[in-house]
Amino acid sequence: MNAPKKPRPYPLAGRSDTSHTTVVRFPDTDITIGGDKVTVIAGPCSVEGYDMLIEVARGVKASGASLLRGGAFKPRTSPYTFSGLGVDALEMLATVRAETGLPVVTEVIDTRLVDTVAMYADVLQIGARNMHNYALLSEVGRLRKPVLLKRGFAATIAETVMAAEHIMTQGNTDVIICERGIRTFETATRNTFDVAAIPVLKIETHLPVMVDPSHAAGRTDIMAALSNAAIAAGADGLIIEVHPRPAEALSDADQSLSLAEFDALMRGLAPFIAASGKTLVTAGAPRGVPTEPGHVA
Ligand code: PEP
Ligand code: MN
């Protein structure tokens, strides 16, 4: 099927011409997402403490990641499992950002917490479970900070772009769309990685498109294959779960890479980045001073 001739129903997120590409920038750094670069975000599913966070941040930076992920408020399927360290985790993320220079990505799950999370985070993540939470989309739309929007696990590509449109109607133009697998009848993987979503999203929108192979796979042994495929299909980057001791992870242990596994994945990715005609974004020296004085532990 060719691209539709009628106007797209998402005028802000939709691509009007092939030269229109959104590149998300991070103040006081050379780090970008989108355009002719590949950007890798890595870190634990959940922030479990300062020591593990600084260890993983230093490790993933050395291997080529340029942003740090870490959940502070976790949406958990079971109410009896670890739900994150909350504001304490946000403080740890800000401290580790100051020490490493890595901008931080963390999820916001509640409209009441948007301002709090925005005080600390460089990128606010909207999780798959909240892609249809239009009040939350509007709330992050009022911010002037990038938003990483995960595709809902039962959402079509069009619905995903429409969720980005909800954010953008409030004035926030820095939206990154993330394919993280959809739910199908297949049980060998946690979700089914929809590789076709990448080129379709690139045709439909001018927004950066990232891939989360961790939640797509739910297992570590196929993470490199999925990462390579994502870059080969045109993704602007990856967000990958890494833990210093995966077996001890309090959430998503089965899909968390060790630092050595992540390093091997990054080495294997290099030829795919080169073949796609892009270069890897690398993080520079630590900023030294926090961007939000008073919010660093
Ligand atoms: C996560 O990134 O840890 C997460 C919960 O992802 P998703 O919303 O894609 O399930
Ligand atoms: Mn996770």
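**Notebook: the manganese site and its surroundings**

I looked first at the manganese ion (ligand 2), which is coordinated by Cys45 (SG), His215 (NE2), Glu241 (OE) and Asp252 (OD) at 2.0 to 2.4 Å. I took as donors N, O and S atoms within 2.8 Å of the metal (3.2 Å for Na, K and Ca); water is not among the atoms, so sites may look incomplete. Along the chain I read the donor spacing as C-x169-H-x25-E-x10-D. Glu241 belongs to strand S10 (residues 237–241) and Asp252 to the loop between S10 and helix H9 (259–275), so this pair ties together parts eleven residues apart in sequence. Helices (H or I, at least four residues) and strands (E, at least two) are DSSP runs, numbered from the N terminus.

The model is predicted: local features need pLDDT of at least 70, side-chain atom pairs count only at pLDDT 80 or more, and totals for chains, interfaces and linings use all residues. Residues are numbered from 1 along each chain as its sequence is written, chains are lettered from A and ligands numbered from 1 in the order in which they are written, and side-chain values use heavy atoms, with hydrogens and water left out.

I then checked burial (buried under 20% relative accessible area, exposed over 50%, partly exposed in between; 1.4 Å probe, protein chains only). Glu241 is buried at 0%, and Asp252 also counts as buried, at 19%.

Next I listed the residues around ligand 1 (a heavy atom within 4 Å). Among them are the metal donors Cys45, His215 and Glu241, together with Arg69, Lys74 and Gln125. A polar side-chain atom of Arg69 lies 2.8 Å from an oxygen atom of ligand 1, and one of Gln125 lies 2.9 Å from an oxygen of ligand 1. For the side chain of His215, I noted 3.3 Å between an N or O atom and a ligand 1 oxygen.

I followed His215 to Asn191, whose side chain reaches the backbone oxygen of His215 at 2.8 Å. Asn191 lies in the loop between S8 and H6 and is buried, with a relative accessible area of 4%. Leaving out residues up to four places away in sequence, Asn191 touches several residues (heavy atoms within 4.5 Å), including Phe153, Arg180, Arg183 and His215.

Thr189 is in the loop between strand S8 (175–179) and helix H6 (197–204). The side chain of Thr189 reaches the backbone oxygen of Asn191 at 2.6 Å. Beyond its neighbours within four places in sequence, Thr189 is in contact with Ala216, Ala217 and Ile222.

Definitions and conventions:
A polar contact is a pair of N or O atoms within 3.5 Å; within protein, one must be able to donate a hydrogen and the other to accept it, and residues adjacent in sequence count only if both atoms are side-chain atoms.
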